[in-house]
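Please consider the protein shown here and follow its architecture from a sheet outward to individual residues. The explanation below is written to be read alongside the sequence and the structure.

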Amino acid sequence: KGSTDGFQRQVNGNEDDSNPCFEKETCSECITANANCAWCMQEGFGRKRCDTVRNLERDGCYESQIFHPKPHFRIETDHELSNRSTTESSAIQMKPQRVHLKLRPHSPYKIKVQFKQALDYPVDLYYLMDLSKSMEDDKEKLALLGDLLAYEMQRITSNFTLGFGSFVDKIVMPYVSTVPEKLKEPCKDCVAPYGFRNHMPLDRNTTKFKSKVKQTSISGNLDAPEGGFDAIMQSIVCSDEINWRRESRKLLVFSTDAGFHYAGDGKLGGIVKPNDGYCHMKNHEYTESTKLDYPSISQINQKVKDYDVNLIFAVTSLQFDVYQQLTPLIQGSSAGILKNDSSNIVELIKDEYAKITSQIKLTDTASNDIRVSYYSSCVGKKREETQTCTDLRVGTTVEYDVEIEVLRCPDKPSQWNQSFVIKPIGLRDQLVVDLQIVCECDCEKEWIEERNSPKCTFGNGTYECGICNCNKNRYGRECECDKKESDPAKDELACYRGNDTKPCSGRGVCRCGVCDCIQKNPDDRVYGKHCECDNFSCERQNGKICSGRDHGICDCGLCYCNEDWTGNACECKRSVDDCIDPKSGKICSGRGTCSCGQCKCSESELGLYTGRYCEECATCRTQCERFQECVQCQMWNTGSLTEEQCKNCTFYANPVDELQVDEGETHCFFIDDDDCRAQFKYRIPDEEHSFVIVHAQTTKDCPAPINIFAIVIGVIIGVVLVGLALLFIWKILTTIHDRREFAKFEKERAMAKWDTGENPIYKQATTTFKNPTYGGKQ
């Protein structure tokens, strides 16, 4: 619902580019443009036929005449998931198995899909081994480990088959030596070289595996890369010869210590015919080795997908990086490091099998016209878009939301009904989706349309879905225009205005040289010869065109205001009532002009006036300095004015005991000659007072006199006290120092030797020496 509402707002926003339903001329074009687009089939409907259902109903289209196809989903086959596989074809690991979906383009639909691995699901393991001379010790080790490999795999599933095949290379130069002796025995105790041999088809009797491997002899070739790709191709496509089961997990283990030849390498041996991807086995041996080139990587990948095979590369450490880079190119493949004697082959196969079975990746065969997206929370994780779920166990159910969206209608109507498959990689389980794409309206069907209808100007067109589909050489809304009698190019040119790049200003359709303007909404009107005018492209105030209908109307880009309003957007009142100061009754207090119901204050010599009615002047200079001298001489006979000059003052200062400043009066302060603070107030002339009125406070605020004597005495006493304190501190420090020196002296005297009667500088006259080599008496 949210997306629909958002789309609705876009449609109503008068932005043609954001409306996908705009300018759709036919019903099929309409319903394939966007999931929200609907078509009105109603005869005589005068407005735009392709729009949202809500807009069409608002414009007067009956609900029964609106074609708006909805997705239709039906489950055809939905068997329950299996817990255990009892037979080869009984396990069901994916549900549902088949669905039918009817869908229009750009209308995503989600399907719930479940997957669960069944116990004892059949496993086919075919071991494909390089039997060139360098792999001799690996063959012996595989023969010894054959029983262990079968035992470990049967612990995983009791429904298990095992097979064995080998390869060398093409029997042509330069891959093998064509010298007759070398063709018979390329190396000591070696058999003749060959391309690929199937020694043991897949068999549930796994005890044969050990003996077959032991009986197989080593061969040899010349170059290092081997013909492994030939063997892989034949092992996959020769299902009957290898004995692959249809319902099983197919594992193809490819074991080698060398690289590989691929498509194009056959030219070195004169083989130019490309590999055809078919089975060529006779008497368990590949017969076209010397006639067909090696397969390409893409061919191997395609066959792996077609036959649902998991390819495991078991290679030595020197070749691991090469095969590791190959795994992303082949679906469902993996690589593991094989020891030089293949002693870890059992653990390697177990580990790779565990990796394969612990994850699921869904893929599909949908065409390029269809997009399939996958969403899942896997096993307790955050729900996100992903095809792959990991850390799975047998019996764990995984749920996907598979979103299917038709991106476009296929060009061929035969492709409007198609089927595709959604399946896990490496398994036969699948969901078949039978998709019916809605690319045309029901009213466009041949059995519903009216051919040569009189509604199309004397039968010059087919009437379908409420409109005329004109015959050849006819055009116009009702096929009223004849190409033989008029020139369509000239007619269309008449619909261009000035330097416009679109006919009818891009807001209408040119029909027979006349613009048919498209009316998008009931309240919005497009008109004019070239659809150049409308009633919604005027200036706005507070989001309203021309400030709203009670202020004015919009006509071809200009606002025509009502009697009481003015301005570009009719936003201003014509009256000045909102600008009259209620106190003074003057417009803007006589200090500004009224514009659009607001005062625009002017600037005087005193400063700039502000306020709603220009009644305030925070920056105006006061008259305090001008009136100060007259107040001084009149109140206290101070100041610079003489007695004669004082008499010439234009006002008289009225004395008051306590000064109180009222509204409209200015409060002034100054320091008089006696350093006292004096104050007065004045009121400038207005309608109530025609002269300046001044009031001065008789008393002045004088500072208290300074007691010089007390200050001097205080300074002297402070200096004396500081001096005494310094002397006291000096005395304490010197006493401490003296006591320390005396204690040091007493200590040194106590340690002196004069008291013992010995001379500290006396030395005896004899000197004693000791021979360090003398060992004493014998």
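The paragraphs that follow treat a sheet, its charged residues, a buried glutamine, and then several local backbone features.

The model is predicted. A suitable starting point is an open sheet of 5 strands, whose order is β5-β7-β20-β17-β18 and whose pairing is antiparallel. Its edge strands are β5 and β18 (384–385), each of which pairs on one side only. Strands of a sheet pair through backbone hydrogen bonds, in either the parallel or the antiparallel sense. At one edge, β5 and strand β7 (residues 109–116) run antiparallel and are joined by 2 bridges. Within this pairing, Met94 stands opposite Phe115 in β7.

The charged residues of this sheet deserve attention. Side chains of opposite charge can pair when their charged atoms come close. Glu399 forms a salt bridge with Lys112, with 3.7 Å between the closest N and O atoms. Because Glu399 belongs to strand β20 and Lys112 to strand β7, the pair ties together parts that are 287 residues apart in sequence. Glu399 is partly exposed, with a relative accessible area of 32%, whereas Lys112 counts as exposed at 52% relative accessibility. The two residues also belong to a network of salt bridges that links Lys112, Arg383, Glu399 and Asp401.

What is the situation of Glu403, found in strand β20 (residues 397–406)? Glu403 is buried yet has no salt bridge. The nearest side chain of opposite charge is that of Lys110, 4.4 Å away; the pair is therefore not counted as a salt bridge, for which the nitrogen must lie within 4 Å of a carboxyl oxygen. Setting aside residues up to four places away in sequence, Glu403 touches Pro108, Tyr109, Lys110, Arg371, Val372, Ser373 and Tyr375.

Across the model, the count comes to 35 salt bridges. Among them is the pair of Lys133 and Glu136, whose side chains meet at 3.0 Å, N to O. Lys133 is partly exposed at 37% relative accessibility, and Glu136 is likewise partly exposed at 34%. Another pair is formed by Asp203 and Lys208, whose side chains meet in a salt bridge at 3.0 Å, N to O. Here Asp203 is partly exposed, with a relative accessible area of 24%, and Lys208 is partly exposed at 35%.

Attention now turns to a buried polar residue. Gln93 lies in the loop between β4 (72–77) and β5 (94–95). Its relative accessible area is 1%, so Gln93 is buried. Which backbone atom does the side chain of Gln93 reach? The side chain of Gln93 reaches the backbone nitrogen of Ala118, at 3.0 Å. Apart from its neighbours within four places in sequence, Gln93 is in contact with Leu81, Gln114, Phe115, Lys116, Gln117, Ala118, Tyr121, Leu427 and Asp429. Phe115 thus appears twice in this account, since this contact of Gln93 also stands opposite Met94 in the strand pairing.

Two proline residues follow cis peptide bonds. The bond from Lys95 to Pro96 is cis, with omega near -5°, and Pro96 is found in the loop between β5 and β6 (98–103). Met173 and Pro174 are also joined by a cis peptide bond, with omega of about 5°. Pro174 is found in the loop between β9 (160–167) and α5 (180–184).

A further backbone feature is positive phi. Strand β23 (residues 461–464) and strand β24 (residues 467–470) pair in the antiparallel sense over 4 bridges, and Glu464 stands opposite Ile467 in β24. The hairpin of β23 and β24 has 2 residues between the strands, and Cys465 takes a positive phi near 60° there. Ser505, although not a glycine, has a positive phi of about 55°. Ser505 lies in the loop between α12 (488–493) and β27 (508–511) and counts as partly exposed at 25% relative accessibility. Cys570 is not a glycine either and has a positive phi of about 55°. Cys570 is found in the loop between β35 (565–566) and β36 (572–573), where it is buried, with a relative accessible area of 0%.

The account ends with a feature taken from a record. The unreviewed UniProt entry places a "transmembrane region" at residues 708–730. In the model, this span is 100% helix and 0% strand, and its end C-alpha atoms lie 33 Å apart.

Technical notes
Residues numbered from 1 in each chain as written. Predicted model: local features only at pLDDT ≥ 70, side-chain atom pairs only at ≥ 80, totals over all residues. Heavy atoms only, no water. Buried < 20%, exposed > 50% of the residue type's maximum accessible area, 1.4 Å probe, protein only. Polar contact = N/O pair within 3.5 Å; in protein donor to acceptor, adjacent residues only side chain to side chain. Contact = heavy atoms within 4.5 Å. Pairing = 2+ DSSP bridges. UniProt positions renumbered as here; feature names shortened; annotations may be inferred. Lys, Arg positive; Asp, Glu negative; His and termini not counted.
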